[in-house]
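Colleague: I am new to this structure and should like to understand how its descriptions are justified. May I put some questions to you?

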Amino acid sequence: MNRLRVTLGLALILVFAARGFVLITWELRLAARGIGPETDMVTRAEARFRLVADRLPPRGVVGYRASGPLSIDRDYEIEGDDRSIGQFVLAQYALAPRVLDLNPGPPIVVHDGLDGIRVMAEQAR
Amino acid sequence: MTTTAPLALVPLLAGYLLAGALRAGSTRPSRSLRLSLAFGWAAGMASCVYFAWLILAGRPGRAYVATDAALFAVLGIVGAVAGRARGVPWPAEAGQGVWPKVVVVVLGAVAIAMAGLGVAFFVALTLNTPHGRWDATAVWNLRARFLTRGGDDWAEAFHPLLAHSHLDYPLLVPLSVARLWTYLDNESTWAPAALALGFTLATWGLLVSALAALRGRTQGLIGGIALLATPQLFEHGSYQFADVPLAYYFLATLAAQALGDRAEGDPLRWKVAAGMMAGFAAWTKNEGLLFLAAVIAVRLVAVVATRGRRAYLREAAGFALGLAPAFAALVYFKLRFSPSSELLAGLTSGTLLAKLADPSRYGLVIRAVASESIQWGSGLLAALAAYRLLLGGAPRPAVAGRGLPAAVVLALVLAGYFFVYITTPHYLPWHLQWSLTRLALHVWPSAVFALLLGTATPAEALARARAKPEAQGHADQPR
């Protein structure tokens, strides 16, 4: 009786292992289809911001405007539409150690619009 | 890559040598157990040293690399001396003799094939998203960039305008990434990926090797297979978040405690190791503080009740000694740089009581947890529960009970997570949607460990079957 129970127990584990194996193989196949730096939005954002980085101070606070309105709520979460939030997070990652400010005030502002990225001085705006 | 880059691995070597000193009488831990423990220790200690350098000396340059490598080389020599006495590998408690060797070979082949497939999956996901997923670019690797690129202004990483990047999150992972970039002298995306893969493999290796040391090789392999029967570990590992490192430190703490409970020679060293791993858990994510509190509470009750207050104080001293480096770093970080947790921001006693008294929030969380439990590996939890029922508990109470403290710690952590959801300031369905799977992953390796620690090995279950008729035969004989 116990031999049967042990065999059943091990079979159960191996069945789930086989299932996991198939699942991971399937997901690996899906993942392998998209391999390439051109598919990664962070890599693309890095390349876009590299074009304007030398027009910004090497560090300090810089203004930032995405294509849609953004703000930080009292729970420290970014509020806005998904696209603009994504733009902001990628911009902050690419432009670090500069600190991006969504509020008015910084003399230099990065405009990350649908028509591209522009660096504008406060006066020009 | 600079010529100093290979020196980044000196802490790993030092950890491996130090782990050799974690002996039990004349026995020593296996190479895989030493390597699995060494990885987490190396990442944790090196992050503390990097943080101390930033605070005391500013921008880490060549002097940092030389000092860091020398410091860990000295620790490695200490470890080599402390662990130099030859010893036999830690013998498994569970009898192997009655169990066909071919089954162990099959289980070993399955476990290794699954780990190999997991690594391929990890690499494919990493090639797709070399900078990691959302939280990696929004929090963990962003912080590492500030620490590396900021130079002497590295503290800009905690600028209040970056509050959206969760400034209260502890620093083990960002510091580890920044350290690797410092050694490499460039921001290679392979550095955080290698760190993430290291933690993923170390979690798997630690589960297999710790279970093998405590309950036999078969049990270790079954644990390794069960852990990878769902793609979650390698998938989330590739995201470059701090959740897999946290899961590793949870497991490392509980494994070190269980190994220390079994060690007969000098278990105090294991208590120091447990303290270090628990400290590194708290230094990885805020959830680690909850885990640390749970570990301390459970050990207090378990040790005082079974071995008395004096034994507990001795153990607690060792634990506190191990805890000290990471805890000191964490306290300094919390006092100097971290704002209050977002989960506490804006929380008043009125809103807290209102949320605690709202039954709909409980219903929402319970439904989400139940759904997650059922979906986890498509019924894998039920399969493991059935496995436990089929094989029964470990035959000797002293062994069977070893999984209990770990299980209680995990239950307390899950209870803590539950009430964090109840009181969260975020929109609850959103918070559950984006975090529940990651929280489940924190306890998953430790849950497999605790379950299999208290479950009979196949050999034990078969031996029990043989012993029963013999016992009956003896009982039938006239006395």
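Modeller: Certainly. Two strands are said to pair if DSSP finds at least two bridges between them. The model before you is a predicted one.

Colleague: How do you know that strand E1 (residues 60-65) of chain A pairs with E4(A)?

Modeller: The requirement is at least two bridges. Strand E1 of chain A is joined to E4(A) by 4 bridges, and the two strands run parallel; they therefore count as paired. One of the partnerships links Gly63(A) with Asp101(A) in E4(A).

Colleague: Which way do the residues of strand E4 (residues 98-101) of chain A point, and are they buried or exposed?

Modeller: Arg98(A) and Leu100(A) point one way, while Val99(A) and Asp101(A) point the other way. All are buried, a term that stands for under 20% relative accessible area.

Colleague: What makes up chain A as a whole?

Modeller: Chain A contains 3 helices and 6 strands, in the order α-α-β-β-β-α-β-β-β along the sequence.

Colleague: Why is chain A called more spread out than a compact globule?

Modeller: For 125 residues the globule rule gives 14 Å, whereas the radius of gyration of chain A is 24 Å, well over that value; the chain is therefore more spread out than a compact globule. Along its principal axes, the C-alpha trace of chain A spans about 85 × 35 × 25 Å. Of its 125 residues, 43% count as buried.

Colleague: How do you know that the length of helix H3 (residues 62-82) of chain B agrees with what is expected?

Modeller: At 1.5 Å a residue, the 21 residues of H3(B) should span 30 Å, and the end C-alpha atoms are 30 Å apart, so the two agree.

Colleague: What makes the buried residues of H3(B) line one face?

Modeller: The buried residues are Tyr64(B), Val65(B), Asp68(B), Ala69(B), Phe72(B), Gly76(B) and Gly79(B). Seen down the axis of H3(B), they fall within an arc of 115°, and therefore they line one face of the helix. Their cover includes helices H1 (10-19), H2 (31-57) and H6 (172-184) of chain B. On the other side of H3(B), Arg62(B) and Ile77(B) are exposed.

Colleague: Why is Ala293(B) called partly exposed?

Modeller: Buried requires under 20% and exposed over 50%, with partly exposed in between. Ala293(B) has 45% relative accessibility, so it counts as partly exposed. Ala293(B) lies in helix H12 (residues 287-307) of chain B.

Note on methods
Residues numbered from 1 in each chain as written. Chains lettered and ligands numbered in written order. Predicted model: local features only at pLDDT ≥ 70, side-chain atom pairs only at ≥ 80, totals over all residues. Heavy atoms only, no water. Expected span 1.5 Å × (residues − 1). Buried < 20%, exposed > 50% of the residue type's maximum accessible area, 1.4 Å probe, protein only. Arc of directions from axis to C-beta. Contact = heavy atoms within 4.5 Å. Rg over C-alpha atoms; globule rule 2.2 N^0.38 Å.
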